[in-house]
Structures are given as C-alpha cells and as structure tokens.
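Trainee: Could you take me through one part of this model up close? I'd like to see how a single helix sits against the rest of the chain.

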Amino acid sequence: MKLRFLLGPVLFCAFTLTAAAEPLLIRFAHVVAEPTPKGFGAQRFKQLAEEKLAGRVNIEVFPSAKLYDDNEVFSALINNDVQLAAPSLSKFSIITKALQIYDLPFLFNDHAAVERFQDSEAGQNLLRSLDSKGIKGLGYWPNGMRVISANRPLRTPADLQKLAIRIEPSKVIQAQYQRLGAIPIKLSFADVRDALRRELVEGQENAWSNIYSQQFQTLQTYVTETHHSFLGYMVITNQAFWEKLPADIRSELEMILAQVTTEVKAKALEQAERDRQAVINQDNVKLIIPTDQEREIWRQAMTPVWAQFASQIDPKMIAAAQAANQPTTP
Ligand code: LMR
C-alpha cells in the first residue's frame, strides 16, 4: 500500500515530464530575402528537420535581418541567442583573417572551382578555423559570382574613379576598390537599398539573386558582369550548443544539412541564371559583359591587392585555391 502511494506520484511526475518536454528551439537568422539560395536553404532545413524530428525540434527562421543584422549575428551566436547563421564569407573578416582568402579578386574561375576548394583538405581546415572562438562551421553554401552595378557604365577599371560603392565589411574588398580609385563604403545588407535610393552610394557589388530579390536594378542602370569574386556562406553554429545536443538529434541535423547543401548548390546555379535574366529583361538595365581581353584588364587592375595581404593569407591556401581551378580528371 505504502509502495503504491509512493510510486503513484513518481510515475505521474515521470509521465508529465515526458509529455510536457518541449521541442528544442533552434533559431536561424540571416539577412537575405527568402527567394535566394540562402533563404531557400534555411527554409528547407526547417522543413526537413521538423519533418524528420517531429515534436523534437522547432526551427525558427528569421530572414531579411529581422532578428540580427550582419555585424550582430556573430556575438548573438557566441551568446547562444541564435543557434544557426550563414553569413557571407566576406563578413567573417570582422572576427578572423583566415577566411580573407575568399575575397581575393579573380582567385576562383567559377562555382565549380570554389566547390573543389571547399571539399579539399584546405577548405575543410577553414571550416574548422573558428573552433577556438566557440563557433563551429557546419558547411558551405554558395550564392554566386559577383557582378558590379552602378549608376554609370563601368566598362574599364578606370571608370570606378571616385565612385561611392557599397561593400561588405571586408578589408580585402575595401583595398580592392581603393586601388581602383573608388570610394568603398561598408554598409549592412539591410541598408543597401535605402542607400542606393538616397544616392548615398552610386554602386554596389553582389550576386544576381541578391540584386533581383532586393530590386537593386530599379535603382541602378548598369551592371558589369566581372565575376571577379565569389559570394558564398559558411553555415555556423554555437559549438557548445551543438555538442550538447542529444547525439541522435545532432547526427540527424547534420545529415539534413548535408542534403540541404546539395540542394542549395543546384539551386544557386539555376537561380543565378534566372535572376540574371529577370534583371536584364528590365528596360532600364544595361548589361556590360567584358570580353576576354577586357576581363584580363579587370584582373590586372584588381589582383595587385593580393600582395597587400600576403602576410595575412597563407600562401599554401592560395596555392590550394588556385589548384582547384583545374578540373580534376575522373
Ligand atoms: C551582402 O551583404 O551583400 C551579402 O553578403 C548578403 C548575403 O548574405 O548574401
């Protein structure tokens, strides 16, 4: 009788604790619009995670800098106020020099080269380069090669003289435009549209999906398809949070992330083509496609910036990146 009296409340408590266990909340903050490769990736991650781990995880996605702006997201992640983010590789320069390599102009020929580099030992080492800061790199997502939009035609590097151009907060990108005589201005992505509208800046560089989803082309007449650098992301989490996840949830989330990464890669190429077309279909927009010789002139004007960062970027990394421009033979 006594035992029944004791066991009753214990069993009841155990039952209510299990029944009341809340799904684990994971917040994913990013700055771009939903119809972009990153916007798609975050939503797809939420969909698959909530499907495969039904009742166990709840993923809240905050696009368009609704929760944190570019600069705030790193400290928010370190404080575990947000658990997932995917800043552009250029934005990491405020917390590490290791990823500056991605901003070296004309380092990568195309998406495929970037992917080969990211899959290589060097690329995977970079993914782990933030461990000491409590940030875990979970993977890379692509967006696209950068083009430059402006309110005047940029046919040669000399046309950038005195152009006030919005850039991401990267010292390499800043130096690249200073070399060309432009006036680089670091602004958060959320502020770019307004800055263009108010003519505080006269140009900006970005991937096609960011231009189209923000309708920058309604405020800019010329787009030069330089493809001088790659805009991509590192998906990151708070390391302590990730390590404390129940092992089965963690490995399921990692598998889902791998699947989403494959989908984002396919989506990025297809979306770049579609959004490029949508931008140039607009009557006011004039697309400038440099010939091979003109591209070589852009390359020669921009690449001297590499020397400025020679002491900060490991030459072995650069060699690995350059090697990735060669397709591997099957
Ligand atoms: C930008 O600031 O232009 C981009 O990094 C935005 C993004 O996340 O793609």
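What follows is a walk along one helix, then out to the cores and a couple of loops.

Mentor: Sure, and keep in mind that this is a predicted model. Let's start on helix α10, which covers residues 247–280. A handy place to stop on that helix is E263. Is E263 buried or exposed, or something in between? With a relative accessibility of 24%, E263 comes out as partly exposed, because buried would need a value under 20%. Its side chain has a polar partner: the side chain of Q259, at 3.0 Å. Looking past the neighbours within four places in sequence, E263 is in contact with F40 and R44. The F40 pairing brings together residues that are 223 positions apart in sequence, with their C-alpha atoms 9.2 Å apart in space.

Now for what the helix does on the nonpolar side. The largest nonpolar core of the model holds 42 residues, and F28, F45, L84, W141 and L253 have the most contacts inside it. α10 is the top contributor to this core, giving 7 residues. If you want a feel for how one of those well-connected residues is surrounded, click on F28: beyond four places in sequence, F28 touches A42, F45, E60, V61, F62, V82, L84, A85, A86 and W141. Note that F45, L84 and W141 turn up here as well as in the list of residues with the most contacts in the core.

There is also a second core, separate from that one, with 39 residues, including Y102, L126, L127 and I236. A good way to look at that neighbourhood is through G137, which sits in strand β4 (residues 135–145). Leaving out residues up to four places away in sequence, G137 touches L127, M234, V235 and I236, and both L127 and I236 are among the members of the second core. G137 and L127 are 10 residues apart along the chain, and their C-alpha atoms are separated by 4.9 Å. At 12% relative accessibility G137 counts as buried, because that is under the 20% cut-off.

Before you close the viewer, check two loop residues. Most residues other than glycine have a negative phi. N80, in the loop between α3 (73–78) and β3 (84–85), has a positive phi, near 60°. Q215, in the loop between α8 (208–213) and β9 (222–224), has a positive phi too, near 55°. N80 counts as partly exposed at 31% relative accessibility, and Q215 counts as partly exposed at 30%.

Notes
Residues numbered from 1 in each chain as written. Predicted model: local features only at pLDDT ≥ 70, side-chain atom pairs only at ≥ 80, totals over all residues. Heavy atoms only, no water. Helix = DSSP H or I, 4+ residues; strand = E, 2+ residues; numbered from the N terminus. Buried < 20%, exposed > 50% of the residue type's maximum accessible area, 1.4 Å probe, protein only. Contact = heavy atoms within 4.5 Å. Polar contact = N/O pair within 3.5 Å; in protein donor to acceptor, adjacent residues only side chain to side chain. Core = buried A, V, L, I, M, F, W, Y, C linked by side-chain atoms within 4.5 Å.
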